[in-house]
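Reader: I should like to learn how cysteines and nonpolar cores are read from a model. Please take each feature in turn.

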Amino acid sequence: MAILVHAVLDGISTDQYDALNAKLQEIPGIFDGCVSHACVPTDSGLEVFDIWSSEAQMQTFAEKMMPVAIGLGWPEGPMPRVLEVHNHWVPGG
């Protein structure tokens, strides 16, 4: 079952996000199961919205991503909100 993940990343800058994303892009298959991803800046940091094909695939990603993020100085912040997706579609797709 698809899930939506919403992470609030207070205190994280777009530069920090870009550095993490660059490192993650070097890891083969790390994004397997990610249907869509959006990162938006806010007044207090960033918010990330992902749709994953399954919670297991998101967990596999998180297990690989967190050591890289911590290595770049990211805090082990609060857990993201995870919601079951009722419907997802892409216009024209």
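The dialogue below treats the cysteines, then the nonpolar core, then one strand residue.

Author: This is a predicted model, in which local features need pLDDT of at least 70, side-chain atom pairs count only at pLDDT 80 or more, and totals for chains, interfaces and linings use all residues. Residues are numbered from 1 along each chain as its sequence is written, and side-chain values use heavy atoms, with hydrogens and water left out.

Reader: How many disulfides does the structure hold?

Author: A disulfide is a covalent bond between the sulfur atoms of two cysteines. The criterion here is a pair of cysteine sulfur atoms within 2.5 Å. The structure holds 0 disulfides. Cys34 is in none, the nearest cysteine sulfur, that of Cys39, being 12 Å away; this is too far for a bond.

Reader: Is Cys39 buried or exposed?

Author: Buried means under 20% relative accessible area, exposed over 50%, and partly exposed in between (1.4 Å probe, protein chains only). Cys39 is partly exposed, because its relative accessibility is 24%.

Reader: Which residues have the most contacts inside the largest nonpolar core?

Author: In soluble globular proteins, nonpolar side chains tend to be buried together. A nonpolar core is a set of buried Ala, Val, Leu, Ile, Met, Phe, Trp, Tyr and Cys residues joined through side-chain atoms within 4.5 Å. The largest has 17 residues, and those with the most contacts inside it are Leu9, Leu20, Leu24, Trp52, Phe61, Met65 and Trp74.

Reader: What is the relative accessible area of Leu46?

Author: Leu46 has a value of 1% and is therefore buried. The C-alpha atoms of Leu46 and Val8, 38 residues apart along the chain, are separated by 6.3 Å.
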